[in-house]
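Please walk me through this structure. Begin with the contacts of its rings, then turn to its pocket.

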Amino acid sequence: MNNKNRFSDFLKPLMPFIAAAYGVALIYLTALPIDGNEPGIGGEMLSWLLSLAAIGLTLFLVGRVEPNLFPPVRQFPLKRPAWRVFLGLLLIAPLWLVIEGYVVYGLTSLVHAVQMEPLTYSTSELREDLLAGVHAVLLAPVLEELCFRQMAISPFRRRGAQIVACVVMAVLFGMPHVRNFPGAFLDAMVYGLVFIFSRNIWYGVALHAGHNLWVTLFALYCCLGLGDIQMAPTPVIYLLDVKAIVGSVVLAVVGLLLIFKKK
């Protein structure tokens, strides 16, 4: 066994922790320009630029460096996703948001009473959320999926080891989301399993981006007075009204038809 193989064997079990540390460091770095009360458009744009640079660096690491260290990484090529599957997952995302909300609500209720209150937004708060939503929908899912899923899970050859790495990463992914650990853990498990079974990171990105997109759209839904969504701040829980749930089911059906439609 040569030195490179010894180094790879030593490094492989540490990859979930290395990838998590790397991902958290990049997230912290890209958030610095907006780490203030009123960052404004200038701070947001600088954060976007830093995120693009971080994505470029991470694509290089997972596309060129990791395959040389860990041959199993080649099971997960960075290939272009099928557009209909990508779009279908975006449409399924609001139903996953509904399911996640009720699962977290149910689990939390087993421990203590959950105080729900109507979700309200002022005009200024909504403006800030819409501006931050650009990053949350277009950039953050790409960076986080590359770091917390592609980089951490792909070095493992066997499906069982990949699922174990997925669970570890879900815990590590949830830890920075202090107020929303249960929801972040569930999200990370779903994104990781989608990545493992599809062998395509972009499908997890689609579901992640769709989740963030619909959180932003539901905020707009409330602000415009179109419906009533209940929210708990810790852990973060969203319980949608009947109209939003019915709309989410309809969109999910359309999404499934797109995914399973024959070419």
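Arg 199 lies over the face of Phe 76, 5.2 Å from the centre of the ring. Keep in mind that this is a predicted model. A second arginine is placed in a similar way: the charged end of Arg 149 sits over the ring of Phe 173, at 4.7 Å from its centre.

Next come rings that meet other rings. The whole structure holds five aromatic pairs. One of them joins Phe 181 and Phe 185, with 6.1 Å from centre to centre and 25° between the planes. This pair counts as stacked because its planes are under 30 degrees apart. Both residues belong to helix α8. They are four residues apart, which is about one turn of the helix. Are these rings buried or exposed? Phe 181 has 32% relative accessibility, so it counts as partly exposed. Phe 185 is partly exposed too, with a relative accessible area of 24%. Elsewhere, ring pairs link Trp 214, Phe 218 and Tyr 221 into a cluster.

Now the pocket. The largest one has a volume of about 1600 Å³. It is lined by 44 residues, and the closest to its centre are Ala 132, Ala 136, His 177, Arg 179 and Asn 212. Which helix gives the most to this lining? Helix α5 does, with seven residues. Several helices supply at least two lining residues each, among them α2 (15–31), α3 (40–69), α8 (181–198) and α9 (201–223). By class, the lining has 23 nonpolar, 13 polar and eight charged residues.

Terms used: Residues are numbered from 1 along each chain as its sequence is written. This is a predicted model: local features need pLDDT of at least 70, side-chain atom pairs count only at pLDDT 80 or more; totals for chains, interfaces and linings use all residues. Side-chain values use heavy atoms; hydrogens and water are left out. On a 1 Å grid over the protein atoms alone, a cavity is a set of points where a 1.4 Å probe fits but cannot get out, and a pocket is an open set with protein on both sides within 12 Å along at least five of seven lines; lining residues have an atom within 4 Å of a point. Grid points are joined across faces, edges and corners, and a volume is the space filled by probe spheres set on the points. Ala, Val, Leu, Ile, Met, Phe, Trp, Tyr, Cys and Pro count as nonpolar, Asp, Glu, Lys and Arg as charged, and the others, Gly among them, as polar. Rings of Phe, Tyr and Trp (its six-membered ring) pair if their centres lie within 6.5 Å; planes under 30 degrees apart count as stacked, over 60 as edge-to-face and the rest as tilted. Buried means under 20% relative accessible area, exposed over 50%, partly exposed in between (1.4 Å probe, protein chains only). A charge sits over a ring if NZ of Lys or CZ of Arg is within 6 Å of the ring centre and within 35 degrees of the ring normal.
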